[in-house]
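Welcome, and thanks for taking a look at this one. Below is a short briefing to read alongside the sequence and the 3D view.

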Amino acid sequence: MTSDVIDAPASPATAPGKKRRIPGEEGTWIFIFGDMCVFAVFFCVYLSARMADPAGFAHDQAELNQNFGAINTVLLLVSSLLVVLATRAVHSPALKRHAPRLLAGAWLCGAGFLGIKALEYAEKVHHGITPQTSDFFMYYFVLTGLHAFHLVLGLAMLTVLIRFASKPEMSRGQFIFFEGGACFWHMVDLLWLVLFPLIFLVR
Amino acid sequence: MTSLTSLASSRTPADLLRTSATAVWIFLVVATVTSWALGTDHAFVDNTTAASVVVLLLAFVKVRFVGLYFMELKDAPLPLRALIEAWCLIVCALTVGFFLAG
């Protein structure tokens, strides 16, 4: 079974010049852009609700801890860089062995994000703040919760990528899945890059 | 800077960092700290509306960079690259518009 086992997809070392190619499968991008469009609608719905009650939203937003959001942003950025490095590592025969550790680091950063998010939610509940408290907190819990759900899916995806990266060789299909999974993780990061300023910072 | 095309000859872990994605990552972290300062009381900007617009614009610049350099859409076929560019432009215009209308 060596005919379908390759070192890298599309043999980039022999590609002439800058050959344009789709990272992962085409279907992955329909899912990723579909998800991004759904979140884009949520951003607009949140802002239109804010238009109806700017004073109430500003009052409730002041209850948030921006430091938690900022730390979580940095955690996701570190995890994304580690996934980029792991994707590069699996393309290099000499460096492939580093990929599982890089992905494990990304996984830990993602888990750290969830830990801080849990701390943040616990702090709110401790102060009697729930989704029923106000429109702002309803949006806060729903949007950050939905993002956290994507992050949990992303962690499951990273676990699969770690398994693939630990194999002595990856098939072309596994390479393509690897790239798609990495892009899904970057999407989780990308959505937070808008959610954090939108909910925590914009006043 | 190296791309995937030269990775076959990479030997040390440091070679993995020799990519434009590393420079982009440093920008993303600096932009995050800047946004945090603008969105809290740590910035020397009195006009919170102006500061918020800058924070939103920075967010979409960051999203574009993640799309182009982390997701590697920079080297994707043009329709796919156009999708991320269009998403950034349209969603940025909508969010800034809704924000300013509020």
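## Confidence and the two-chain picture

In chain B, confidence runs from a mean of 86 in H1(B), where it is lowest, to 96 in H4(B), where it is highest. Please keep in mind that this is a predicted model, with an ipTM of 0.90 and a pTM of 0.90. Chain B and chain A bury about 4,900 Å² between them, and much of what follows concerns that interface.

**How far to trust each chain**

- Chain B has a mean pLDDT of 88, and 86% of its residues reach 70 or more.
- For chain A the mean pLDDT is 90, with 91% of its residues at 70 or more.
- One stretch of chain A calls for care: over residues 1–16 the pLDDT is below 50. Beyond near neighbours in sequence, this stretch nonetheless has 24 contacts in the model.

**Layout of chain A**

- Chain A is built from 6 helices and 2 strands.
- Read from the N terminus, its elements follow the order β-α-α-α-α-α-β-α.
- Along the principal axes, the C-alpha atoms of chain A fill a box of roughly 65 × 30 × 25 Å.

**Where the chains meet**

- On the chain B side, 56 residues are in contact with 53 residues of chain A.
- Of the area buried between the two chains, 75% is on carbon and sulfur atoms.
- The residues of chain B that lose the most area to chain A are B:Leu16, B:Met71 and B:Trp87, which together make up 15% of what that side buries.
- No salt bridges are counted here: the number between chain B and chain A is 0.
- Polar contacts do cross the interface, with 14 residue pairs found, both partners at pLDDT 80 or more.
- Four helices of chain B each supply at least two residues to the side that touches chain A: H1 (14–17), H2 (20–39), H3 (48–70) and H4 (78–101).
- H4(B) gives the largest share of that side, 11 residues.
- Sorted by class, the side of chain B that touches chain A has 33 nonpolar, 15 polar and 8 charged residues.

**Charged pairs**

- Over all chains, the structure holds 7 salt bridges.
- In one of them, the side chains of B:Glu85 and B:Arg64 meet at 2.7 Å, N to O.
- This pair links distant parts of the chain, with B:Glu85 in helix H4 of chain B and B:Arg64 in helix H3 of chain B, 21 residues apart.
- As a general point, side chains of opposite charge can pair when their charged atoms come close.

**Aromatic pairs**

- Searching the whole structure turns up 22 aromatic pairs over all chains.
- Take A:Phe57 and A:Phe136: their ring centres are 5.5 Å apart and their planes stand at 80°, so the pair is edge-to-face.
- These two rings also link distant parts of the chain, as A:Phe57 sits in helix H2 (residues 54–61) of chain A and A:Phe136 in helix H5 (residues 135–166) of chain A, 79 residues apart.

Conventions:
Residues numbered from 1 in each chain as written. Chains lettered and ligands numbered in written order. Heavy atoms only, no water. Contact = heavy atoms within 4.5 Å. Buried area = accessible area lost by both parts, 1.4 Å probe. Salt bridge = Lys/Arg side-chain N within 4 Å of Asp/Glu carboxyl O. Polar contact = N/O pair within 3.5 Å; in protein donor to acceptor, adjacent residues only side chain to side chain. Nonpolar A, V, L, I, M, F, W, Y, C, P; charged D, E, K, R; others polar. pLDDT = per-residue confidence, 0-100. Phe/Tyr/Trp six-rings, centres within 6.5 Å; stacked < 30°, edge-to-face > 60°.
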